[in-house]
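Visitor: Could you walk me through this structure and show me how each label is earned? I would like to hear the reasoning as well as the result.

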Amino acid sequence: MSAIEQTTTPLTAIQQTQTTCPYCGVGCGVDISQQNGQLLPVAGDSRHPSNFGRLCVKGSALHETISHNGRLLYPLMNGQRSSWTQAINLIADKIQQVIHTHGPDAVAFYGSGQLLTEDYYVANKLMKGFIGSANMDTNSRLCMASSVASYKRAFGSDTVPGCYEDLEQADLLVLTGSNAAWAHPVLYQRMVAAKKANPDMKVVVIDPRRTATCDLADLHLAIRPGSDAFLFTALLAYLGETNNLDHNFIALHTEGFGSALETARQQCRSLKDVAGQLDIEASDLAQFFHWFADTPRTVTFYSQGINQSATGTDKGNAIINVHLATGRIGKPGATPFSITGQPNAMGGREVGGLANQLAAHMDFSAAERDRVRRFWQAPNLAERPGLKAVDLFQAVKRGEIKFLWIMSTNPLVSMPDADDVKEALKHCELVVVSDCMADTDTAAAAHVLLPAASWGEKNGTVTNSERRISRQRGFLPPPGEAMPDWWIITQVAHALGHADAFNYSHPADIFDEHARLSAFENNGSRDFDLSGLSAMSRAQYDAMAPVQWPVNAQYPQGRQRFFDDRRFYTDNGKARFIAVAPELPVPRTGGDLIMNTGRVRDHWHTMTRTGKAPRLAQHISEPYADIHPQDAALRGIEDGSLVRIFNPRGSLLLRAHISDNQRTGEIFVPMHWTSRYASAARMGTLTDSSVDAISGQPELKFSAVNAEPFRPGWQGFVLSRHDIGTPDCAYWACGVFGDDIHNPGMVYEVAGQGDAGQFVDALRQRLPDQALKGQWLTLSDPAQQHYRHVLIVNNQLEAVIFVHKDLQFSNRQWLTECFAQSELSSQQRRALLAGQPADAPDHGAIVCSCFQIGEKQIIQAINNGCDSSDALGKALRCGTNCGSCIPELKTLLASHSAGSDTQPAALFSDAACTAVEL
Ligand SMILES: Nc1nc2c(c(=O)[nH]1)N[C@H]1C(S)=C(S)[C@@H](COP(=O)(O)OP(=O)(O)OC[C@H]3O[C@@H](n4cnc5c(=O)[nH]c(N)nc54)[C@H](O)[C@@H]3O)O[C@H]1N2
Ligand SMILES: Nc1nc2c(c(=O)[nH]1)N[C@H]1C(S)=C(S)[C@@H](COP(=O)(O)OP(=O)(O)OC[C@H]3O[C@@H](n4cnc5c(=O)[nH]c(N)nc54)[C@H](O)[C@@H]3O)O[C@H]1N2
Ligand code: SF4
Ligand SMILES: [Mo]
């Protein structure tokens, strides 16, 4: 706000709201401040026990994602605006008709770990208690279903034993299948701080890739993909062989040890053999085994590299086995720890959101069905588990599901074999999608679209990875007619004739019922017990402080650790070893490379939120494939060029990143880019749909693909003040830029075959020059497919189109800054076609998003003597806010401390370009 405005507009008091970040399962508390109706930059909640004030870069950019651009504002039926009443009635009528004609199993819901517990509870209750089928599954099937299954096999219940503090109390931290530096950044920061405080702490990272997380590692085991069960089974055999066992614990509190050990022994004959199977050095393996054997305080932290596998449940149990064998569970600093991804993945498990769960940690046994039926007074309680996600969409494809309601997830991107899912939806009579955004891939395939209120507009609770329940509190009105999910679902329940059972006026009412169900006939028999949180007043619910379940008479303030009492939830109270016979994934035909998929630091899933924040677009601005130099050389793929990744299921066009962080024969592709943001980057179209036989979780990290160079005739970029839709060329990827978070500019990377001039002409037609009396500056050299066209409207930059036969113009910083000028100077106008002023500093790709520090600035500071990330922070401030970029700073330090700065050659020097005004 300018000084003049400050004197004329009196500042109102700042309004504060405490809420929870809607991204990852760390579950950080966020402080929201509003003044004069404006949202101020968000801050970490210093009192929240998950983050103690820290936020990562995604959390810090939350206020940049709340614009109403692209929001779904009204219910739509076949593309036409409708009223809520019409939409609700249509849905209820269809559900009734389908039940009547085909039975309840022809109805299905597909939910998400991004629904709040209250939303999730009513969806599950409607489906499993009142519609009468258990065909309610969720994207958590793709996320941690295997962890749930292995916990249940071992403990008799889906119980997360430990807590975040264990990460700080451990002397050995094993991270396997987790890139926490990017996916759980605040926990990673806590690990970094813990290691600093305890220099004897050892960190082992197990991941086929060298990731940012390896920055913290004393040892990185770049194992063969899918081989974790060999590693942990061999570890069990080793612990037995070397007598590093907790015999007392095994004897008193477990069963099945003998057969688990025997199976392990049979599999693992020698360290050398195992190292061969894992494709790592035997000495590294031995080092890990020694550390594990010698360190009572060990935490094994695992995520999707373990879960997203056709043998993920066994992998989870192989990990739990070594903790049981050493009695390392239920103790400070000692636990197996499956970390959840979504903000409310845990809440989904609590309400029974998976098709094989009923509710409140109860399943489908006769006694549990009877109990839930009585509590809900349910007329049609589901009799058996429903279809798991992959099976569910296959049933949709076979035409067996006539009504499908997708809530808060984007399966046309995230499901394996995603084009097959797209095809499946065509076989369903009515597809309903509830989403906040209008233009997702899945929304495009729906008959009815329901506008959902988004983060900041809705109220409820979420549970994080350490069982901590926190409030999400609304602080903004929903736009248009968007409504919270719980309201939408209960309206449908009312229209189906269940008004009494769904008579809630506020999420607090739903939470109360959920808490009471957890306590109903529990008496300590079930881990999940919120009796201490039932019967709260609305004010108490609103003021509810973060608390770890259970909350009951025994643990009125919540429970930090389970199994500290050595009591498990199996029939005899003992934990179970599972005999694991490891298997390697078998690549299906489809290509000679293995595609691994996962996350990048600054994007969230299908980018419906993070895609709106200019700050988050800078870290990685295009979909890409990491490829080992040998694999690239073999196929003639160059760094920075375009590459086609394909198999019989589909084909992607991505930017090639040549990197020896990859093993040979394996590539990595981020999961985030969709048809909204790129021409062909929906990686789910290539992924394999084979699933774990026990959990039903698909193998998302291991799909056979091919790679070949894609050589366009020309390439370039377009910057535009306005969204110009889908460019008409072979390759494009887009993102936002600029400071105006409500109206950000759009940047498009483009490449095509044929005549670039035609592309440029067609694009110009879409830009608003005539109506707004714009002025074009152009430079053309058709022989080189070289075109630079700049549109100025009212002396402001409106659009920039640069293409060339082999464009290598990397620095757009100055051009994007020109969009912010209220009036271009003549000097700036002259420099526009050059793309930079004569004396422009080129900061390189942005590494620190918080302070906008580029790679070249960092390299220069390193050359000037900065020899640590702290020193860089002092010199440039990079890494001193959210800290998410510290691993990358360290990588730059490692590769540039010797001063080997390589500046990319500027293909276009400004001398070569002269501005031509038309
Ligand atoms: N920035 C960001 N953070 C997120 C999310 C996001 O979209 N963006 N999503 C959230 C969600 S829902 C989830 S589930 C979590 C996921 O969090 P993570 O599981 O940490 O993330 P991923 O990148 O999916 O995969 C982790 C690692 O598994 C490795 N991996 C692949 N195959 C194997 C294998 O066979 N063995 C081992 N040991 N490792 C393997 C991959 O190389 C990858 O580095 O992240 C959460 N946090
Ligand atoms: N190959 C491969 N595939 C994967 C993975 C992988 O690592 N590799 N990871 C898997 C994992 S772990 C996960 S969790 C999934 C994630 O995949 P998805 O769940 O499909 O991805 P999101 O982008 O989170 O989709 C959430 C949708 O809900 C909308 N939304 C946000 N808030 C709300 C709300 O309050 N109400 C409603 N109704 N809608 C809302 C968003 O706009 C968005 O469209 O992807 C899985 N797929
Ligand atoms: S670590 Fe980042 S994304 Fe995850 S909850 Fe915290 S602020 Fe949000
Ligand atoms: Mo996830």
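Guide: Gladly, and let us begin at ligand 1, where one of its oxygen atoms lies 2.8 Å from a backbone N or O atom of Gln-304. Keep in mind that this is a predicted model.

Visitor: What makes the approach of Gln-304 to ligand 1 a polar contact?

Guide: A polar contact needs a pair of N or O atoms within 3.5 Å. The Gln-304 pair is 2.8 Å apart, so it qualifies. Trp-182 offers a polar backbone atom 3.1 Å from a nitrogen atom of ligand 1, and Lys-701 has a side-chain N or O atom 2.9 Å from an oxygen atom of the ligand. The protein covers 99% of the 910 Å² of accessible area that ligand 1 has on its own.

Visitor: How many residues surround ligand 1, and which are the closest?

Guide: There are 33 around ligand 1, the closest being Ala-183, Asp-207, Gly-226, Arg-599 and His-603.

Visitor: Which residues come nearest to ligand 2?

Guide: Of the 32 residues around ligand 2, the nearest are Gln-114, Asn-139, Ser-414, Asp-435 and Thr-606. The side chain of Thr-606 has an N or O atom 2.5 Å from an oxygen atom of ligand 2. For Thr-597, a polar side-chain atom lies 2.8 Å from a nitrogen atom of the ligand. Of the 920 Å² of accessible area that ligand 2 has on its own, the protein covers 98%.

Visitor: And ligand 3: which elements give two or more residues to its shell?

Guide: The shell includes Cys-21, Cys-24, Cys-28 and Cys-56. Helices α2 (57–60) and α8 (185–197) are the elements that give two or more residues. By class, the shell has nine nonpolar, two polar and one charged residues.

Visitor: Why is Lys-195 called buried?

Guide: Buried means under 20% relative accessible area. Lys-195 has 17%, so it counts as buried. Lys-195 is found in helix α8, and beyond its neighbours within four places in sequence, it is in contact with Met-201, Val-203, Leu-216 and Asp-218.

Visitor: What makes Lys-125 and Glu-513 a salt bridge?

Guide: Side chains of opposite charge can pair when their charged atoms come close. The cut-off is a side-chain nitrogen of Lys or Arg within 4 Å of a carboxyl oxygen of Asp or Glu. For Lys-125 and Glu-513, the closest N and O atoms are 2.9 Å apart, so the pair meets it. Lys-125 lies in helix α4 and Glu-513 in helix α22, so the bridge ties together parts that are 388 residues apart in sequence. Both Lys-125 and Glu-513 are buried.

Visitor: How do you know whether Arg-398 and Glu-400 are buried or exposed?

Guide: Exposed means over 50% relative accessible area. Arg-398 has 53%, so it is exposed. Glu-400 has 41%, which is between the two cut-offs, so it is partly exposed. Arg-398 forms a salt bridge with Glu-400, their closest N and O atoms being 2.7 Å apart.

Visitor: What about Arg-471 and Asp-542: how far apart are their closest N and O atoms?

Guide: They are 3.1 Å apart, so this pair is also within the 4 Å limit for a salt bridge. Arg-471 lies in strand β19 and Asp-542 in helix α23, so the pair ties together parts that are 71 residues apart in sequence. Arg-471 is at 2% relative accessibility, so it is buried, whereas Asp-542 is partly exposed at 33%.

Definitions and conventions:
Residues are numbered from 1 along each chain as its sequence is written. Chains are lettered from A and ligands numbered from 1 in the order in which they are written. This is a predicted model: local features need pLDDT of at least 70, side-chain atom pairs count only at pLDDT 80 or more; totals for chains, interfaces and linings use all residues. Side-chain values use heavy atoms; hydrogens and water are left out. A residue is near a molecule or strand if one of its heavy atoms lies within 4 Å of it. Helices (H or I, at least four residues) and strands (E, at least two) are DSSP runs, numbered from the N terminus. Ala, Val, Leu, Ile, Met, Phe, Trp, Tyr, Cys and Pro count as nonpolar, Asp, Glu, Lys and Arg as charged, and the others, Gly among them, as polar. Buried means under 20% relative accessible area, exposed over 50%, partly exposed in between (1.4 Å probe, protein chains only). Contact means heavy atoms within 4.5 Å. A polar contact is a pair of N or O atoms within 3.5 Å; within protein, one must be able to donate a hydrogen and the other to accept it, and residues adjacent in sequence count only if both atoms are side-chain atoms. Accessible areas come from the Shrake-Rupley method with a 1.4 Å probe; for residues, only the protein chains shown count as cover.
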